[in-house]
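Work through the two exercises below with the model open. The first concerns a pocket, the second a set of aromatic rings.

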Amino acid sequence: MATSEILQDKEAGTGMHPKRLLLLLMMISITMIFAAYTSAYIVRREEGNWLEFDLPGGLLYTSLIIALSSATMQWAWFSARKDEVRRAQIGVALTLILGVVFLIGQWNVWVELVANKIHFGGVDANPSGSFLYVLTGVHAFHLITGLIFLVIVLRKSLNYQVHSRQMLSIGNATIYWHFLGALWLYLYLFLLLNH
């Protein structure tokens, strides 16, 4: 393999593809955002004027959905690695569907919050409700970016550009999707323990 081919696949000095390095930097910055939000949550809660309310039950269901979607994404990756392209396509498509179901579930959680008079802003708002909207909403935004990545990978897989010799796109999508799932589980546990 020529040196120029090696440099196309890996960034000199880091030992990884530039797209993988960019993904890791993006995940680090997202982690820092959520660390800041959860730290602010704890600090603000200790200041008082904190409305206590039960977390919507839908959060448990969305947690199960995102865990299942992580399993389907991993199945897609294993399938691509074994050159089982059709199974990889099905796995990515299932993950995409479960991601959309997760977002619908989140929407239903917000509808339940509004029905229980827990608002993001306005006269009736309380910081506890506002934080819940922010934490779940910012995660939903990042999940939408994950869905965009999945659409790209699905399109590539339908064009037979995802297989054992072309694993970068599905590999990055898998890493990012697992990251989003782990981040959601962290948020859910954080809210259960600190709400």
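A pocket is here an open set of grid points with protein on both sides within 12 Å along at least five of seven lines. The model is predicted.

**Exercise 1.** Describe the largest pocket: its volume and its lining.

Solution.
1. The volume of the largest pocket is about 460 Å³.
2. Its lining is made up of 17 residues, and those closest to the centre are Lys19, Lys156, Leu168, Ser169 and Asn172.
3. Two or more lining residues come from each of helix H2 (18-46), helix H5 (127-158) and helix H6 (168-194). H6 gives the largest share, five residues.
4. Sorted by type, the lining holds 10 nonpolar, four polar and three charged residues.

**Exercise 2.** Classify the ring pairs that Trp50 forms with Tyr41 and with Phe131, and place them in a cluster.

Solution.
1. Ring centres within 6.5 Å make a pair. By this rule the model has 12 aromatic pairs.
2. For Tyr41 and Trp50, the ring centres are 5.0 Å apart and the planes stand at 80 degrees; planes over 60 degrees apart count as edge-to-face, so this pair is edge-to-face.
3. For Trp50 and Phe131, the centres are 6.0 Å apart with 40 degrees between the planes, and the pair is tilted.
4. Trp50 sits in the loop between H2 and helix H3 (58-81), while Phe131 belongs to helix H5; the pair links distant parts of the chain, 81 residues apart.
5. Tyr41 and Trp50 are buried, and Phe131 is buried too.
6. Together with Tyr186 and Phe190, the residues Tyr41, Trp50 and Phe131 form one aromatic cluster.

How values were computed: Residues are numbered from 1 along each chain as its sequence is written. This is a predicted model: local features need pLDDT of at least 70, side-chain atom pairs count only at pLDDT 80 or more; totals for chains, interfaces and linings use all residues. Side-chain values use heavy atoms; hydrogens and water are left out. On a 1 Å grid over the protein atoms alone, a cavity is a set of points where a 1.4 Å probe fits but cannot get out, and a pocket is an open set with protein on both sides within 12 Å along at least five of seven lines; lining residues have an atom within 4 Å of a point. Grid points are joined across faces, edges and corners, and a volume is the space filled by probe spheres set on the points. Helices (H or I, at least four residues) and strands (E, at least two) are DSSP runs, numbered from the N terminus. Ala, Val, Leu, Ile, Met, Phe, Trp, Tyr, Cys and Pro count as nonpolar, Asp, Glu, Lys and Arg as charged, and the others, Gly among them, as polar. Rings of Phe, Tyr and Trp (its six-membered ring) pair if their centres lie within 6.5 Å; planes under 30 degrees apart count as stacked, over 60 as edge-to-face and the rest as tilted. Buried means under 20% relative accessible area, exposed over 50%, partly exposed in between (1.4 Å probe, protein chains only).
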